[in-house]
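Grab a coffee and open the viewer. Here are some short exercises, each with a worked solution to check yourself against.

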Amino acid sequence: MKLGALRLVPAPLAAPMPAQRARVGSGELLSACRVAREAGAELVALWVTDDSDRGEGFCVRVLLRADDGLLLLEHRLPDASSRYPDLASVFPSAARMQRAAFDLTGIAAQADDDRPWLWMAAWPIDRFPLRRDFAASPSWQPGDEDYRFVRVEGEGVHEIAVGPVHAGTIEPGHFRFQVVGEKVLRLEERLGFTHKGIEKRFTTLPIAEAPRLAGRICGDSTVAYAFAFAQALEGLAGVAPPPRALWLRALALERERIANHLGDLGALGNDAGLAFGLAQFSRLREDVLRGNRAAFGHRLAMDFVVPGGVARDPADAQLSAMRDEGTRIADDARALRTIYDEHAGVQDRFRTCGRVAPDLARMLGMTGLAARASGGTRDLRADFPGVPYAALDVRAMHREQGDVAARVAVRFDELFESLRLVGAIVDALPPGAIAATMPPRLPAGLALGSVEGWRGPVTFAVETGTDGAIRRCHPHDPSWQNWPAVEHAALGNIVPDFPLINKSFNLAYSGHDL
Amino acid sequence: MTATAYLSQVLQVAVALALAPILVGWINQCRAWLQGRRAPPLMLPYRTLRKLFVKDAVIATNASPVFRLAPYVVFGAMCCAAAIVPSLATDLPFARAADAIALVGLFALARVFIALAAMDIGTAFGSMGARREMFVGFLAEPALLMVLFTASLISGSTSLPAIVDALAHRDFGIYPSLAFAGVAFTMVSLAENARIPVDNPATHLELTMIHEAMVLEYSARHLALIEWSAALKLFNYSCIGLALFLPFGIADGSDWRALVGAAPLLIAKLAAGGAALALIETLSAKLRIFRAPEFLGTAFLLAVLGMLVNLLLGS
């Protein structure tokens, strides 16, 4: 990133793409973010680290991404009572990250909204799990919390509260609608029901166990999470995986994208009342998952990506089966796309529904698939192509309309692109070893990992201590950026269209709540 | 009326009670086949009913007697309707007790009670479902009445047995008015029975539900009665449709032997109707809820056209 206007002193940072870290002093954080935003940067993640055991107080870390790489801003705070500037005026998506950071570390931003985000009275409100002196007690009982939803006043306005327990077996999220008749005046989300203490768990886990935990943060993106975590660990260790491992990782990542896009396309048809679509796309997805089990040892390719490389080498027959199956899936998906496109009823539901205009998407800092349906063009595979994507010439798909139909169209386009990539990877897969040896003990330091999962960029920041153990590990799901956009997408739509809008985003609960 | 007639009456209701869940099972099977899935067992609705009847009911603490009473009222209304609708025979004791307008009133009674029960609990979904159900109902009922009036004009009576007698024994000929009415009736039936494209009986998305949103709080025997009533309603609508538009083979008398003879033909007609319903549901997507007025407005228009054609052409 062009730092001329920022007057920062950057230091290099281990990451799979160009990355720098820089200290920002008090008063500089907000202006640095503003300059970066004007230069086109977007907020990737925000987290707080407790370094009080080293006598260094706390550190607020703000990770930004621009066209030329990542920039990590580090802002030191002397003690727990210090506050840092509210970044939501520059990056709206920072608001929830700041609230979550407070719940976990007790370090508050100077923001008006002091409501908790992840805290749900599972631990005392004055205790913070990511503090060094935190000790959980089995005597803590779940308590009650009084969360202040914003209410809309006026004649005929009423409230519909949905979830976290739903009529179907789906993940927990609470949605508070303020409606007039069927029209949505306001939607407010409440998330955090699947908070499991993942970040805390990383710091108590032997490092050999950590990759398995990383692969279980968000089941539908297990490859992306394990991949990004492995990148960070490799960055710390200074290990470069062999080429074959990198190609196989990309293969697993693209197959994860294919499986999820197929599942979503079916579910979107089903939510519009066309159960035929669900049945057909589920069949195709099942074929992909069975191929995964044969080649990667697991239907979702869980634990296939490991630090240093990959866990197993698929046989040639399984790889060529993937290529042949890809041709067949592409043919079937093309036929199904024609059915969706020409079905008046389905198109009536999809078009203009849940629209996020490109300007709004840019303002909110949306990322990943949902951003690309609203005019965004960023895709890590195309913007920072490493091995093997540089050799594959990935095209980032995008649409301008920003409605459900656009998100469906981007899914179809990416599905066909990923099917092409799978064929290209299988054809050009280099021979050789599938894993490099990781050192038994990691040096102290900080490294990043970031890959384009099917929802968007999945990012890991891993910090190790002098004992080689994980001091702080922050996984970041693209859903953090996109959940607020769902609130906007629902505005002005009717209540019964919300499930379709929500499905067209299909954001993570587990990956977000951590 | 002889004892045989009453026996036949009981037989017709029993056949309706027994066949209704199977009809639902059959439609689900056809839907699965058309979607390319393996079909659930035909008798699955029966197993569901048995499961629900043996479970313990959970009732919200703030529920009033209306909530407990509603399933029985709805089930009773549907049983009465099954007695009135000439599914197997025309000349049954109960059929004289009510005409087509009373039948529509009976369905409205059930609708009012289920909507009251839905609002009784005070959840957002109950009120939302009740609101939508009334919204669909007030659009569907006039269209249904118009369809029945068209048939009444042909037979000169609003009594269902008289209508069926007149239609079944008329000279062979094409009645354009009945063609309009038939299309209108199909559209109304889809809406009234919470089928795609107006409602989706298979959805798990509470925000999109109409009928299901109203019964979310029911469990065990209450839910079993509601589900059975929904199946009976579908059965009754199917039988009304068959009686009006395919009245052949319905027994004239009230002799139970004639009823037994009429049963295989009824089952064949229901099977064909169920398959057609599954086909419609598979081919359509669900409408946005504010398209329902257009859909039911079209049904009303067609029904009125049917009447006008009848008045103008005298057929």
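**Exercise 1. A proline in a loop**

In chain A, which two helices does the loop holding A:P388 lie between?

*Solution.* Bear in mind throughout that you're looking at a predicted model. Start by finding A:P388: its loop runs between helix 12 (380–383) and helix 13 (389–392) of chain A. Next, look at the bond that joins A:V387 to A:P388: the peptide is cis, with omega at about 0°.

Now try chain B. B:I196 and B:P197 are also joined by a cis peptide bond, and here omega is about 15°. B:P197 sits in the loop between helix 7 (176–192) and helix 8 (211–214) of chain B.

**Exercise 2. Sizing up chain A**

Work out how the radius of gyration of chain A fits with the globule rule.

*Solution.* First, take stock of the secondary structure: chain A has 17 helices and 13 strands. Then compare two numbers. The globule rule gives 24 Å for 514 residues, and the radius of gyration of chain A is 22 Å, close to that, so the chain is as compact as a globular protein of that length.

Two more values round this out. Along the principal axes, the C-alpha atoms of chain A fill a box of roughly 70 × 60 × 50 Å. Of the 514 residues in chain A, 54% are buried.

Finally, check how far along the sequence the contacts reach. Taking the contacts in chain A with a separation of 6 or more, 68% are between residues 24 or more positions apart.

**Exercise 3. Where two domains meet**

Find the two domains of chain A and describe the side of domain 1 that touches domain 2.

*Solution.* Begin with the bounds: domain 1 covers 4–105 and domain 2 covers 198–477. Their C-alpha centres are 27 Å apart. Domain 1 of chain A puts 18 residues into the contact, and domain 2 of chain A puts in 21.

Which element gives the largest share on the domain 1 side? That's strand 3 (residues 42–50) of chain A, with 6 residues. Sort the domain 1 side by residue type and you get 15 nonpolar, 2 polar and 1 charged.

**Exercise 4. Chain against chain**

Count the residues that chains A and B bring to their contact.

*Solution.* Chain B supplies 23 residues and chain A supplies 26. Then split up the chain B side: 12 of its residues are nonpolar, 7 are polar and 4 are charged.

**Exercise 5. Into the core**

Which residues touch the most other members of the largest nonpolar core?

*Solution.* This core has 269 residues, and the ones to pick out are B:L23, B:A143, B:V147, B:A184 and B:A303. Helix 9 (residues 220–245) of chain B gives the most to the core, with 16 residues. Now turn to chain A: domain 1 (4–105) and domain 2 (198–477) both give residues to the core, so it lies between them.

Zoom in on B:A143. Ignoring neighbours within four places in sequence, its contacts include B:A184 and B:A303, along with B:V188, B:L296, B:A299 and B:F300. As background, nonpolar side chains tend to be buried together in soluble globular proteins.

**Exercise 6. Checking a helix with a ruler**

Test whether the length of helix 7 of chain A agrees with its residue count.

*Solution.* Helix 7 (residues 275–296) of chain A has 22 residues, and at 1.5 Å a residue it should span 32 Å. The C-alpha atoms at its ends are 31 Å apart, which agrees. Step just past this helix and you reach A:G297, with a positive phi of about 85°.

**Exercise 7. Buried or exposed?**

Decide whether A:G215, A:N506 and B:A194 are buried or exposed.

*Solution.* The cut-off you need for buried is 20 or more other C-beta atoms within 10 Å.

- A:G215 has 26 such neighbours, so it counts as buried. It's in the loop between helix 4 (210–214) and helix 5 (222–237) of chain A, and its contacts beyond four places in sequence include A:M302 and A:D303.
- A:N506 has 21, so it's buried too. Its phi is positive, near 45°, and it isn't a glycine.
- B:A194 has 20, so it counts as buried. This non-glycine residue has a positive phi of about 55°, and it's in the loop between helix 7 and helix 8 of chain B.

Conventions
Residues numbered from 1 in each chain as written. Chains lettered and ligands numbered in written order. Predicted model: local features only at pLDDT ≥ 70, side-chain atom pairs only at ≥ 80, totals over all residues. Helix = DSSP H or I, 4+ residues; strand = E, 2+ residues; numbered from the N terminus. Rg over C-alpha atoms; globule rule 2.2 N^0.38 Å. Buried ≥ 20, exposed ≤ 12 C-beta atoms within 10 Å, placed from the backbone. Contact = placed C-beta atoms within 7 Å. Domains from an automatic or database assignment. Nonpolar A, V, L, I, M, F, W, Y, C, P; charged D, E, K, R; others polar. Expected span 1.5 Å × (residues − 1). Core = buried A, V, L, I, M, F, W, Y, C linked by C-beta atoms within 7 Å.
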